[in-house]
Amino acid sequence: YGTVTGVQTCALPICMLTFYDKFAEKNVGSPGLREQTARAYRRVGGIQARLSKLDAAAAAYETSLQLYRDVHERDVTLDIAAVQQELGQVARRSGNPAAARKWFQDALRELENDVSGGSSHSARLLKARGNYLFATSMDQRGGGPFGRRGQGPGDAAPLGNGPGGNPPPNPQGGAPRRPGRDGMREAREQLRVARDLLTGLLQESPEDPEVLLLQARVLIAEQRLPGSRDSAPEAGTSAKAVEILEKLVQRQPDNDLFRYELADALLPPPGRNAETAVVRTVLEHAKKLVEQQPAHVEYQALLGRAHSMLGRQLRRTDPEEAEKQLRAAVVVEEPLTKKQEGANMRFQEQFVMTRVELARLLSERGKQDEARTLLTQVVSQLQGVLEKPTGMFRMLGDPERVRDLADQLERVGLGARAQQLRAAVERRGR
């Protein structure tokens, strides 16, 4: 399933991609090299996914899966299940949560057929990861599974997380649907199974970084389950997860996967504020990640979010610095809205929210003309989203946010735009 160390630089994946791609093309028709070719295509898929080439990643993984199914010299159940998990993660990043959920479920079913009985370390780790992935795939709220804000670098390479993607639209309009009770009950059970498997694995290998990373992810997912904020299986689950991830980063400071997971763990779920010092820490991690891999869209997105969050928090106490942070967020986030594959709207909505906050600050600082220009652009974009039959920003399903934006438009002399926005939201709601 790949290694937790993953690919550390941006140049190296491209070199590896060329090598494995040539190997796979050369040997795809060779029965004797079918397993090695399947493994090569799988590595191509992992590299393409890390480079955010999601269509190419899915194609490589599907070829790998087909080749693995034709391997009869040895049992490749674990390999097939691992590729299915990776396909699920690519599907989720591409904005297709239903397909992702099916891939994760198929992987769990495949593991039930493991001729070894699933007793090996690798089989149990893969099973625990499958339980985690299937559990987090049941969240339909957007913004990442159970409050996760983005897709990690391991979403289709070393270790999988939730990622995100576009949630199914609410047919009645408004925000994406919250996961139902049955779904959350099943998610909670899947996470419990994963936790139990990891407990046994940690007893055998207490310093295994793959096991520790997955343990941290499971703890965070349990804590972020709707209605579970105060009923997680252990007190202070988030703090424990952060402690685990901090140790992993200390041991391997150049490991981008560990650093990204730590930054995500430090951020609170949407709707809750983090302390300014914590946001500054996340910002430093994000800068380091972008320095390591400048082309990685999720690292750029994390950097933009951190700048934006810090700007919002400094608005009252240090408006000059707040404006600087929000402008930095705009610079980072705008390109992301134009180059992300798939139907993912996370970057677009984040860019909208950053500009709304920047416009608010500019208005308060007397820069009315620039504030009006920004808000005019924002409303035009929101109206375009509202006119589409599918896809929806979460903020448009929140009456308080819509009301706040409309009030802001009126304060800068855009009353007609405010009326247009209210009317468009009302029509979509019907």
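This is a short tour of the structure in your viewer, moving from the whole chain to a few helices and single residues.

**The whole chain**

Keep in mind from the start that this is a predicted model. Show the whole protein as a cartoon: there are 17 helices and 0 strands. Now colour by burial, and 55% of the 430 residues count as buried. Among contacts in the protein with a separation of 6 or more, 68% join residues 24 or more positions apart.

**Stop 1: Glu-35 and the loop at Ser-52**

Select Glu-35, which sits in helix 2. Is Glu-35 buried or exposed? Its relative accessibility is 15%, so Glu-35 counts as buried. Show the residues around it: setting aside neighbours within four places in sequence, Glu-35 is in contact with Tyr-68, Val-71, Arg-74 and Val-76.

Next, go to Ser-52, in the loop between helix 2 (34-50) and helix 3 (54-69). Ser-52 counts as buried too, because its relative accessibility is 7%. Look at the backbone here. Most residues other than glycine have a negative phi. The phi of Ser-52, however, is near 65°, a positive value in a residue other than glycine.

**Stop 2: helix 4**

Select residues 77-93, which form helix 4. How many of the 17 residues of helix 4 are buried? The count is 16, and helix 4 is mostly covered. Try the distance tool on the end C-alpha atoms of helix 4: they are 25 Å apart, which agrees with the 24 Å that 17 residues should span at 1.5 Å a residue. Just after helix 4 comes Gly-95, with a positive phi of about 85°.

**Stop 3: helix 6, and its packing with helix 4**

Add residues 121-136, which are helix 6. Helix 6 has 16 residues and reaches 23 Å from its first C-alpha to its last, close to the 22 Å expected at 1.5 Å a residue. Of those 16 residues, 13 are buried, so helix 6 is largely enclosed by the rest of the structure.

With both helices on screen, compare their directions. Helix 4 and helix 6 pack at an angle of about 25°, and their axes are 11 Å apart. Because angles under 35 degrees count as roughly parallel, helix 4 is roughly parallel to helix 6. The crossing of helix 4 past helix 6 is left-handed.

Show side chains to find the contact itself. From helix 4, pick Leu-78, Ala-81, Ala-82, Gln-85, Gln-89 and Arg-92. From helix 6, pick Ser-122, Ala-123, Leu-126, Arg-129, Gly-130, Leu-133 and Thr-136. Coloured by class, this contact has 6 nonpolar, 5 polar and 2 charged residues.

**Stop 4: Leu-125, a link onward**

Stay in helix 6 and select Leu-125. Leu-125 is buried, with a relative accessible area of 6%. Which residues does Leu-125 touch, leaving aside neighbours within four places in sequence? They are Leu-198, Leu-201, Glu-210, Val-211 and Leu-214. Draw a line from Leu-125 to Gly-200 as well: these two are 75 residues apart in sequence and 10.0 Å apart in space, C-alpha to C-alpha.

**Stop 5: helix 7 with helix 8**

Select residues 181-204 for helix 7 and residues 209-224 for helix 8. Their axes are 10 Å apart, and the packing angle is about 150°. Angles over 145 degrees count as roughly antiparallel, and helix 7 and helix 8 are therefore roughly antiparallel to each other. Their crossing is left-handed.

On the helix 7 side, the contact is made by Leu-191, Arg-192, Ala-194, Arg-195, Leu-198, Leu-201 and Leu-202. On the helix 8 side, look for Val-211, Leu-212, Leu-214, Gln-215, Val-218, Ala-221 and Glu-222. By class, there are 10 nonpolar, 1 polar and 3 charged residues in this contact.

**Stop 6: helix 8 with helix 10**

Keep helix 8 and add helix 10, residues 256-266. The two axes come within 11 Å and cross at roughly 20°, so helix 8 and helix 10 are roughly parallel to each other. Helix 8 passes helix 10 in a left-handed crossing.

For the last selection, take Pro-209, Leu-213, Arg-217, Ile-220 and Arg-224 in helix 8, which meet Leu-257, Phe-258, Glu-261, Asp-264 and Ala-265 in helix 10. This contact has 6 nonpolar, no polar and 4 charged residues.

Conventions:
Residues numbered from 1 in each chain as written. Predicted model: local features only at pLDDT ≥ 70, side-chain atom pairs only at ≥ 80, totals over all residues. Heavy atoms only, no water. Helix = DSSP H or I, 4+ residues; strand = E, 2+ residues; numbered from the N terminus. Expected span 1.5 Å × (residues − 1). Buried < 20%, exposed > 50% of the residue type's maximum accessible area, 1.4 Å probe, protein only. Axes fitted to C-alpha atoms, helices over the stretch in contact; angles between N-to-C directions. Parallel < 35°, antiparallel > 145°, perpendicular 65-115°, else oblique. Left-handed = near helix turned anticlockwise from the far one by under 90°. Contact = heavy atoms within 4.5 Å. Nonpolar A, V, L, I, M, F, W, Y, C, P; charged D, E, K, R; others polar.
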